[in-house]
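This report examines side-chain contacts, strand pairing and surface features in a single protein chain. The sequence and the structure are shown first.

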Amino acid sequence: MDVPLIILDTDFGPDYDDVGAVALLHCAVDNGEAEILSTIVSNRHPLSAPCLSIVNAYYNRPDIPIGIPKKEARSIGSWENWLEMVYESYPHRLLSTQNIPDAVKVYRKILSEAEDQSITIVTIGFFTNLYYLLQSLPDQYSKLKGKDLIQQKVCKLVCMAGEFPNGYETNIKVDSRASKYVIENWPTVIIFSGAEVGRHVKTGARLIRDKTIVHSPVKDIYGHVMNRIERDRYGRSSYDQTAVLYAVYGCSSFFEEEKGILVVDDKGYNCWIKSDEGKHVRLILKSDIVSLATYIEDKMMHKPLK
């Protein structure tokens, strides 16, 4: 059975649901349901890539290629300092985000080596890297320009982005120029899991109570932040997990699809125009939130294969 070949692009820092999404993806790989080709970082915070590498290593995949934007990009941490906590608590091979290869080069190398229409890109952060990838020029990896390379090698782009039908969501507004450009110019289908999909799907409480899970950066990050934020005491919204879930399993019993066009203005406000002729797709939650939360958290609680 063919499994999705996934490049995950994450901001890994401002919010910690990215950690749950990475855990879910590793669980799918351990179950033979997906393959991770790379985990890319759209955030230039000095600890973002090293801490992502720590989580990859926890799942026995320390050599997954990582890239960061080398051109202008945002650098955002969190006031709960969970990046600092996990960096100080676990051994790390990467000392700083600045030592990581250029995300565009990582993208172009992987895409150039892939079969046509075989790659699923999942972005659960800013659109910065995808903007630079679209504008990239021929190089040692491919004679194609970025947009042509994407069109040849990528089957779909899955995004945790936007709020439907209208909104002003973080992953779009942080780098609104990049978001607007990518959403208007990306050559394959784009599927959006909006903020409203995962907002009330709360996960993490069972994870941090499970005493059989030890020496886990995923558990430690959730415990560290949930104990500091009153609204998250009973779980964190699973924004990013919903996008990864769709990328691996499709709609399954959890989502429905609606075609249309996502319009983004210069400041990052978005509006949705429903249309059967639209080039975009948005996910609509079909499942009850308890069932979906249980399904996601079961995968977040997955223990690495020995």
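Is Asp139 buried, partly exposed or exposed? Asp139 is partly exposed, with a relative accessible area of 26%; buried means under 20% relative accessible area, exposed over 50%, and partly exposed in between (1.4 Å probe, protein chains only). The model is predicted, and local features need pLDDT of at least 70, side-chain atom pairs count only at pLDDT 80 or more, while totals for chains, interfaces and linings use all residues. Residues are numbered from 1 along each chain as its sequence is written, and side-chain values use heavy atoms, with hydrogens and water left out.

## Salt bridges

Side chains of opposite charge can pair when their charged atoms come close. Here a salt bridge is a side-chain nitrogen of Lys or Arg within 4 Å of a carboxyl oxygen of Asp or Glu. The structure has 15 salt bridges by this rule.

One of them joins Asp139 to Arg108, at 2.7 Å from N to O. This pair links distant parts of the chain, 31 residues apart: Asp139 belongs to the loop between α5 (128–134) and α6 (146–153), and Arg108 to helix α4 (residues 103–113). Helices (H or I, at least four residues) and strands (E, at least two) are DSSP runs, numbered from the N terminus. Unlike the partly exposed Asp139, Arg108 is buried, at 1% relative accessibility.

A salt bridge within a single helix is formed by Lys180 and Glu184, again at 2.7 Å from N to O. Both residues lie in helix α8 (residues 176–185), four residues apart, about one turn of the helix. Lys180 is partly exposed at 23% relative accessibility, and Glu184 is partly exposed at 41%.

In the salt bridge of Glu297 with Arg206, the closest N and O atoms are 3.9 Å apart. It links helix α13 (residues 289–300), which holds Glu297, with helix α10 (residues 205–209), which holds Arg206; the two residues are 91 residues apart. Glu297 is buried, with a relative accessible area of 5%, whereas Arg206 is partly exposed at 28%. Elsewhere, Asp15, Arg231, Asp232 and Arg236 are linked in a network of salt bridges.

## Aromatic pairs

A pair of aromatic rings is described by the distance of the centres and the angle of the planes. Rings of Phe, Tyr and Trp (its six-membered ring) pair if their centres lie within 6.5 Å; planes under 30 degrees apart count as stacked, over 60 as edge-to-face and the rest as tilted. The structure holds eleven aromatic pairs, including the two tabulated below.

| Pair | Centre to centre | Angle between planes | Geometry |
|---|---|---|---|
| Tyr131 and Tyr181 | 5.2 Å | 80° | edge-to-face |
| Phe254 and Tyr295 | 4.9 Å | 50° | tilted |

Phe254 lies in the loop between α12 (239–249) and β10, and Tyr295 in helix α13, so their pair ties together parts that are 41 residues apart in sequence. Phe254 is buried at 8% relative accessible area, and Tyr295 is partly exposed at 28%. Ring pairs also link Tyr249, Phe254, Phe255 and Tyr295 into a cluster. In the other tabulated pair, Tyr131 is buried at 8% relative accessibility, while Tyr181 is partly exposed at 29%.

## Sheet and surface patch

Ten strands form an open sheet of mixed pairing, in the order β3-β2-β1-β4-β5-β7-β12-β10-β11-β6. The edges are taken by β3 (66–67) and β6 (166–167), each with a single partner strand, so one side of each is left without a neighbour in the sheet. Two strands pair if DSSP finds at least two bridges between them. β10 and strand β12 (residues 280–285) pair in the antiparallel sense over six bridges, and Gly260 stands opposite His280 in β12.

Strand β10 (residues 255–264) also holds Ile261, which is partly exposed at 32% relative accessibility. Ile261, Val263 and Ile273 make a nonpolar surface patch of about 210 Å². Patches are made of residues with over 30% relative accessible area and no salt bridge, with like charges joined within 9 Å and nonpolar side chains (Val, Leu, Ile, Met, Phe, Trp, Tyr) within 5 Å; accessible areas come from the Shrake-Rupley method with a 1.4 Å probe, and for residues only the protein chains shown count as cover.

## Cysteines

How many disulfides does the whole structure hold? A search finds zero, a disulfide being a pair of cysteine sulfur atoms within 2.5 Å. The sulfur of Cys159 is 13 Å from the closest cysteine sulfur, in Cys155, which is too far for a bond. Cys159 is buried at 0% relative accessibility, and Cys51 is buried with a relative accessible area of 0%.
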